[in-house]
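Okay, thanks for making time, everyone. I'll put the structure up and then talk through a few local details.

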Amino acid sequence: MRQEPQVGLANRRFHYSQGKTLGGSSGRNSNIFTRGTKGYYQRWADLVGDPSWAWDNILPYFKKSVDFTPPDTAKMGVDANISYDPAAYGAGGPLHVAYSNYYQPMNPGLIKGFEALNFSYQPGFSSGRMDGYGYLAVTIDPKTQIKDSSETAFLSGAFNATNFRVYKNTVAQKILFQGTTATGVQVETAGLSYTLEAAKEVIVAAGVTRSPQMLMVSGIGPRDILAQHNIPVIVDRQVGQNWQDHCAFEFQYKMNVEGNAALEGDKQFLYQATEDFLQTQTGPLTNWGGDILGFEKLPSPYREALNQSALTELAELPDDQPEVEWLIASHGPQMATSSYVTFTPAILAVTSKGTIGLSSPNAADNPIIDPKTFSSPTEQALGIQIYKRLQEFVNATGLTTGPELKIGPRGSDADILAGMKQTGLPWYHGVASCPMGKESDPNAVVDGNGRVFGTKGLRVVDASVIPLIAPGHSMAPVYMVAEKLADAIKKGL
């Protein structure tokens, strides 16, 4: 799927990738497991009018999925101080959460940089707190070091234990209704169209772009959009109108220690990494490219440079919610033969809202995707100051050799903003295209149990129902939503 030209990103267009595979995008992401903050979930609960979405009530669902394994520093070959909060994790769940067996050589430099910038050290980011820096937990099997996904963790077990069936190479065309009650789904396989009837209800879990599309082609969505495609209106709700995603910025430098970048262009390095992975499940092929994340609210003196409008908008966020993430990976240009480091700051204080529209009434056609990334004045003001903060951070690490490679040095604020628009990109953490909320909220599409307002027997269970974008990465919140709404379904809620 290709986005519309993004005004906030110098009118560039991006492919908005989704995992077209069993397991969806969990089969192709970076495995990063963060949950968000307590204040973020309280804001979610307040927005929905349902205290069951507050931190203390959702933590059991976070833990239910997980089988946690502490880091194996012997396999890493270092005596690293990798702290974690064991009370935040579960044991015996289907999803492996663990640590890579490769300790990135850049880590001491990153720690030096974070501490020079007064970041505190945190025992991971699964305990409802996200301020400071810490080590990543990731969704990989600790024994094999192979990626875990919703297919390997959940679906494969369902095949063996239940009568669950997957219709492969099959496209859902639309949801069928009797009045406002969902009765089944019209699907197509190899040119043959047929109906799957629902015994109890229809559950839509097609992701942040396809779930709103499926609702709209079936008659649930904004009246004006449906009218453009001659789709009879069953329920007039603001489907696809409140999409949120993070904007990230990539800055690349040559690096003075070993890293993953050379895996693409250095055959000897790749050969040794392959041997390490196959023989001992160690080395850089066990690691996506980074071990350490940092989170912060923009500090002084950068905060004082923000205008009053930006400060007012940022003040609406919970006190414990970070505005900036610092993700650093030992990645570089394609086919690199030496070491590089990519600093990727991301804006977590999202104030831009995008849309999902219809290109046709046919669900097989791609929807119109316009996230409006980095379009709000507040995000752009943050972006300018993030660039200035980046210079301080990079210099403090002692890792880089030479200038930044993608946009080079920048001078005035206008020059910096132009550069940020050139290096910014969507981060594929999209949520809120079918947001959860109160029925009286005109922007809400589903209730606190994922049931579509104005219908019976129809529910949405995926990232699209998350009403506010989480600070950090979206995978863990999506697993939590799935666990919680599965419980609601079993209870008949």
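I'll start with the ground rules, then go through one threonine, some helices and a few odd backbone spots.

So, this is a predicted model, where local features need pLDDT of at least 70, side-chain atom pairs count only at pLDDT 80 or more, and totals for chains, interfaces and linings use all residues. Residues are numbered from 1 along each chain as its sequence is written, and side-chain values use heavy atoms, with hydrogens and water left out.

Let's go to Thr37. You'll find Thr37 in the segment before α1, which covers 38-48; helices here are DSSP runs of H or I with at least four residues, strands are runs of E with at least two, and both are numbered from the N terminus. Is Thr37 buried or exposed? Thr37 has 0% relative accessibility, so it counts as buried. The cut-offs are under 20% relative accessible area for buried and over 50% for exposed, with partly exposed in between, using a 1.4 Å probe and protein chains only.

Who does Thr37 touch? Leaving out residues up to four places away in sequence, Thr37 touches Gly128, Met130, Asp320, Gln321, Pro322 and Pro471, where contact means heavy atoms within 4.5 Å. Its side chain makes a 3.0 Å polar contact with the side chain of Asp320, and the Thr37 side chain also reaches the backbone nitrogen of Tyr40 at 3.1 Å. By polar contact I mean a pair of N or O atoms within 3.5 Å; within protein, one must be able to donate a hydrogen and the other to accept it, and residues adjacent in sequence count only if both atoms are side-chain atoms. And here's a long-range one: Thr37 and Gly472 are 435 residues apart along the chain, with C-alpha atoms separated by 9.3 Å.

Also in the segment before α1 is Asn31. Asn31 is buried, with a relative accessible area of 11%. Beyond its neighbours within four places in sequence, Asn31 is in contact with several residues, among them Ile140, Lys147 and Met475.

Now α1 itself. Its buried residues are Gly39, Tyr40, Tyr41, Trp44, Ala45 and Val48, and these pack against α2 and α12. Right after α1 comes Gly49, with a positive phi near 70°.

So how do α2 and α12 meet? The axes of α2 (residues 55-64) and α12 (residues 475-490) come within 8 Å and cross at roughly 105°. Axes are lines fitted to C-alpha atoms, for helices over the stretch in contact, and angles run from 0 to 180 degrees between N-to-C directions. That makes the two helices roughly perpendicular to each other, a label that applies from 65 to 115 degrees. On the α2 side we have Ile58, Tyr61, Phe62 and Lys64, meeting α12 residues including Met480, Glu483 and Asp487.

Last stop, the backbone. As a reminder, most residues other than glycine have a negative phi, and most peptide bonds are trans. Which bond is cis? The one joining Ser300 and Pro301, with omega about 5°. Pro301 sits in the loop between β10 (292-296) and α9 (308-314).

Then there are positive phi values. Asn11 isn't a glycine but has a positive phi of about 60°. Phe374 has a phi near 55°, sits in the loop between β14 (368-370) and α10 (377-397), and is buried at 0% relative accessibility.

That's my tour, happy to go back to any of it.

Key:
Parallel < 35°, antiparallel > 145°, perpendicular 65-115°, else oblique.
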